[in-house]
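Student: Hi! I have a new structure to look at and could use some company. Can we walk through it together?

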Amino acid sequence: MDRIDRINRSGRKRNSLTPRSTLFPCPSCQRDIDLGERGINGLFRNFTLETIVERYRQAARAAIAIMCDFCKPPPQESTKSCMDCSASYCNECFKIHHPWGTVKAQHEYVGPTTNFRPKILMCPEHEMERVNMYCEICRRPVCHLCKLGGGHANHRVTTMSTAYKTLKEKLSKDIEYLISKESQVKAHITQLDLLLKETECNSERAKQEASQSFEKLYHVLEEKKSAALRAIETSKNIRLEKLQTQVEEYQGLLENNGLVGYAQEVLKETDPSCFVQTAKQLHIRIQKATESLRSFRPAAETTFEDFVVDTAKQEDILGDLSFHSNGLEIPEINEEQSRMYNKALISWECPGKTDSADIYVLEYHKLNKEEESVTWQKTEVCGKSKVLSDLDDDSSYAFRVRGYKGSICSLWSREVIMRTPPAPVFSFLFDDKCGYNNEHLQLNPRRTSVESRAGFPLLLGSERLQVGCYTTLDYIIGDTGIAKGKHFWAFSVEAYSYLVKVGVVPSNKIQKLFHNTHDVTSPRYEQDSGHDSGSEDAFFDSSQPCTLVTLGMKKFFIPATPAAPKDPASRILPLPSCLGICLDCDRGRVGFYDAGRMKCLYECEVDCSGLMYPAFALMGGAAVHLE
């Protein structure tokens, strides 16, 4: 019953759209175990454990008597329990219900108990069948129906007696080994007791050291606080003294007070020589007072803005104050899974593949040589990835991450630098109307992927195999045009692609593009030419109505221009996993990028007089996926 109660309390049901199943948390590791549709009914009862528990229960309730189930009131104390009848009896009732010479007299009886278990272990899958075999794969008893057509049909089984003998021998040997190592176990217990005491002592010492560290901070803050308050008080006294002096000077300008009163008395002097002697200095003082009155200005400032304490940086530092633990794994940013496009996806993982941290803190900042100090922006993440959308275009950013478990944190991960696209991301879909050849090309329903499959047209076009295989490219464009500004878009080309061309086309040349009768050669070394025909494509592109570069066979072909290397091999680069195109209509230039590293592979001039459309061309087996 205890097991049923635990499952009823902690078992969880899935939604009604899925088959009913019971999830039970493992008591050891807390991982959810799916008990299947039958739930607890699919489990064996552990009769051995029940017997052991009952033995201890009987010892615990020895003072509590088990009463007879058949006595008339008042019932007598039972003396035995029948395992076949699942009832308890006193001596008299047992004789009455189990008379000598009857079948019931052969029933198995034990001491008084309330735990009645069946004498035969039945199969939980086939309730009417007793288990008589042992599955060595699943390590559990099974019946013959489980072996014939059940879930153990192809499993290796053995007889129950053989399994009993084998397991009992193993268990006996293991117990004997543990008993023989009793002294070693005691030594380990003694060592663990010492470690417990040492842990207590070390934790107290760590608390004292932490308290001392914070006390030092308190002391520094108190000193800084006292110095700041003293400076403010000194400045206040100086300012008050200046203002008070100024007040006294202006009070002297009032009638019958100070300077004005003295001047009025001097004017009463009738002796010219005495008046002149006194009036000269008095006139100078009156002039100064008059000038001061005309250009009134307080002798001191009343604000204390110079004494405002800026603690923003210190607050950030104190906010990051935590314990660094070597036991918490340092996360690592996964550069392959992290992406930069219209938003940034930053992913990380722990080396041990264990999620030991409760939360993670991701910090990032823009790399700027002009800034002397670095200000990290931070965000808390519960998982192992984060999407950021507030990054500037054509900029490099540094990222780092650390894990937190309570007040303990790991060290920072290695900083990873990633670059954003050189321009705002331009969104479009493949156009399924303008010039789209649905016989050779196939679009997915969302129009974000296009595939060219090599079929009969390619085989029929290979009749001139003696001079090289020539076929016509199948073109497709984006459904949105660009009139001005700078824009960037990215895509990936499948590794198996034979030939793909990518670039831009102006609106006034789209018709010419789809009705072009010229043939295009494949990027192979041809037997008759003796050189890479990819270079022939490059020279041929100069006469095409659009600006395209050639991709294929896991290669990126830089067009042959006067500025390009003369050696054809140096113009062949490995095909990046993700490619990007940056069109600058204002400058009339188009660049082709390794979108994973945001590195420009090739750039050229382009005529942007009309509306510009992304253009793609495929031949043979090839596929392009928009980012």
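Tutor: Happy to; we will go through a small sheet, the cysteines, a buried strand and some aromatic rings. Keep in mind that this is a predicted model.

Student: Let's start with the sheet. What is the strand order in the open sheet of three strands?

Tutor: The order is β8-β7-β9, and the pairing is antiparallel. The edge strands are β8 (140–142) and β9 (157–159), each of which pairs on one side only. From one strand to the next, the twist averages 40°.

Student: And how many bridges hold β7 and β9 together?

Tutor: Three bridges, with β7 covering residues 133–135. Within that pairing, Tyr134 has Thr158 in β9 as its bridge partner.

Student: Is Thr158 buried or exposed?

Tutor: Thr158 is buried, with a relative accessible area of 16%. Leaving aside residues up to four places away in sequence, Thr158 touches Met133, Tyr134, Glu136 and Ala163.

Student: Which helix lies across those strands?

Tutor: That is α5, residues 160–180, which lies across β7, β8 and β9 and runs at about 90° to β9.

Student: New topic: how many disulfides does a search of the whole structure find?

Tutor: Zero. Take Cys68: its nearest cysteine sulfur belongs to Cys71 and is 3.5 Å away, and Cys68 is in no disulfide. The cut-off for a disulfide is sulfur atoms within 2.5 Å.

Student: Why is Cys138 not bonded to Cys135?

Tutor: Because the two sulfurs are 3.9 Å apart, which is too far for a bond, and Cys135 holds the closest cysteine sulfur to that of Cys138. As for surroundings, Cys138 is partly exposed at 35% relative accessibility, whereas Cys68 is buried at 6%.

Student: Now β14. Why do you call that strand largely enclosed?

Tutor: Because six of the eight residues in β14 (residues 359–366) are buried, the rest of the structure largely encloses the strand.

Student: Which residues stand opposite Glu363?

Tutor: Arg400 in β17 stands opposite Glu363, and so does Lys378 in β15. The β14 and β17 (residues 396–405) pairing is antiparallel over eight bridges. β14 also runs antiparallel to β15 (residues 377–381), with five bridges joining them.

Student: Okay, rings next! How many aromatic pairs turn up in the whole structure?

Tutor: There are 15. One of them is Phe70 with Tyr89, which counts as stacked because the ring centres are 4.7 Å apart and the planes are at 5°. Phe70 sits in the loop between α2 (47–60) and β4 (80–82) and Tyr89 in β5 (residues 87–89), so the pair ties together parts 19 residues apart in sequence.

Student: Are those two rings' residues buried or partly exposed?

Tutor: One of each: Phe70 is partly exposed at 38% relative accessibility, while Tyr89 is buried at 2%. Another pair, Phe430 and Phe616, is edge-to-face, 5.3 Å centre to centre with 75° between the planes. That pair links distant parts of the chain, 186 residues apart: Phe430 is in the loop between β19 (416–419) and β20 (441–443), and Phe616 is in β33 (residues 612–619). Phe430 is buried at 0% relative accessible area, and Phe616 is buried at 0% too.

Student: Back to Phe70: which residues make up its aromatic cluster?

Tutor: Phe70, Tyr89, Phe94 and Tyr109 form one cluster. Lys80 lies over the face of Phe94, 5.0 Å from the ring centre. The charged end of Lys80 also sits over the ring of Tyr109, at 5.9 Å from its centre.

Technical notes: Residues numbered from 1 in each chain as written. Predicted model: local features only at pLDDT ≥ 70, side-chain atom pairs only at ≥ 80, totals over all residues. Heavy atoms only, no water. Pairing = 2+ DSSP bridges. Helix = DSSP H or I, 4+ residues; strand = E, 2+ residues; numbered from the N terminus. Axes fitted to C-alpha atoms, helices over the stretch in contact; angles between N-to-C directions. Contact = heavy atoms within 4.5 Å. Buried < 20%, exposed > 50% of the residue type's maximum accessible area, 1.4 Å probe, protein only. Phe/Tyr/Trp six-rings, centres within 6.5 Å; stacked < 30°, edge-to-face > 60°. Lys NZ or Arg CZ within 6 Å of the ring centre and 35° of its normal.
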